[in-house]
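Student: I would like a close look at one part of this model, the inner part of its sheet and what packs around it. Please take it in order and give the reasons for each label you use.

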Amino acid sequence: MDCLFCKIIAGEIPSTKVYEDENVFAFKDINPIAPVHYLFIPKKHISGAAAVNAENADVVGKIFTAIAKVAADEKIESGFRVITNNGEDAGQTVPHLHFHLLAGTKMGWSPETGV
Ligand code: AMP
Ligand code: ZN
């Protein structure tokens with residue numbers, strides 16, 4: 001499949017891995033918008049949040065479990081944010097479900113200004 005994140009999982013495109021297990025892969029965002037900016041993705045291709053369903057939803061819990069573990073390891077439990085963009089209007093640029101983990105700075109809360 002011609003999917004950037006599937007190629008990253010397969011090791012065909014290099015990434016800086018921060019976490020991996022049987023179902024979940026996480027790596028540093030190539031264009032970070034916060035001091036900590038990682039992407040958590042399911043190893044099985046799902047095109048985005050709108051494609052989550054009863055059959056594939058288990059991996060979302062597994063991703064959040066991985067996020068909690070990485071947050072504890074990185075000692076950022078006091079302040080982190082998890083975002084998924086779905087669809088063009090939300091700014092989704094890679095059609096493989098991914099959760100941005102952002103931390104390491106004081107974050108505002110406005111969809112207009114971003115972090
Ligand atoms: P989104 O805009 O929510 O679809 O997020 C896609 C994210 O993937 C952006 O934050 C990009 O910086 C990031 N990205 C794109 N290509 C790569 C890559 N090769 N390695 C790591 N992150 C990437
Ligand atoms: Zn994919």
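**Strand S2 and its surroundings**

Tutor: Phe27 has a relative accessibility of 4%, so it counts as buried. The model is predicted. Phe25 is likewise classed as buried, because its relative accessible area is 6%. Buried here stands for a relative accessible area under 20%. Strand S2 covers residues 24–28, and four of its five residues are buried, so S2 is largely enclosed by the rest of the structure.

Next, the aromatic rings. With rings paired when their centres lie within 6.5 Å, there are three aromatic pairs. In one of them, the ring centres of Phe25 and Phe27 are 6.0 Å apart and the planes stand at 40°, so this pair is tilted. Phe5 joins these two, and ring pairs tie Phe5, Phe25 and Phe27 into a cluster.

Now the neighbours of S2 in the sheet. On one side, S1 and S2 pair antiparallel over three bridges. Three residues separate the two strands, which form a hairpin. Within this pairing, Tyr19 has Ala26 of S2 as its bridge partner. On the other side, S2 and S3 run antiparallel and are joined by five bridges. Ala26 appears here again, opposite Phe40 in S3.

The whole sheet is open and has five strands in the order S1-S2-S3-S5-S4, with antiparallel pairing. Its edge strands, S1 (17–20) and S4 (80–83), each pair on one side only. From one strand to the next, the twist averages 20°. Beyond S3 comes S5 (residues 99–103), and these two strands pair in the antiparallel sense over five bridges. Leu39 has His100 of S5 as its bridge partner. Helix H2 packs on the sheet and touches S1, S2, S3, S4 and S5, with its direction at about 150° to that of S3.

A further ring pair connects that helix to the sheet. Phe64 and Phe99 have ring centres 5.4 Å apart and planes at 75°, so the pair is edge-to-face. Phe64 lies in helix H2 and Phe99 in strand S5, 35 residues apart, so distant parts of the chain are linked by this pair. The two residues differ in class: Phe99 is buried because its relative accessible area is 7%, while Phe64 is partly exposed because its relative accessibility is 38%.

Last, the metal site, which draws on a loop that follows S3. Protein donors to the zinc ion (ligand 2) are Cys3 (SG), Cys6 (SG), His45 (ND1) and His96 (ND1), at 2.0 to 2.3 Å from the ion. The angles subtended by the four donor atoms run from 103 to 116°, so the arrangement is tetrahedral. Along the sequence, the spacing of the donor residues is C-x2-C-x38-H-x50-H. Cys3 and His45 link distant parts of the chain, being 42 residues apart: Cys3 sits in the segment before helix H1 (4–10), and His45 in the loop between strand S3 (36–42) and helix H2 (58–73). Cys3 is buried, because its relative accessible area is 4%. His45 counts as partly exposed because its relative accessibility is 31%.

Notes:
Residues numbered from 1 in each chain as written. Chains lettered and ligands numbered in written order. Predicted model: local features only at pLDDT ≥ 70, side-chain atom pairs only at ≥ 80, totals over all residues. Heavy atoms only, no water. Donors = N, O, S within 2.8 Å, 3.2 Å for Na, K, Ca; no water. Tetrahedral: all angles 85-135°; square planar, octahedral: opposite > 155°, others 65-115°. Buried < 20%, exposed > 50% of the residue type's maximum accessible area, 1.4 Å probe, protein only. Pairing = 2+ DSSP bridges. Axes fitted to C-alpha atoms, helices over the stretch in contact; angles between N-to-C directions. Contact = heavy atoms within 4.5 Å. Phe/Tyr/Trp six-rings, centres within 6.5 Å; stacked < 30°, edge-to-face > 60°.
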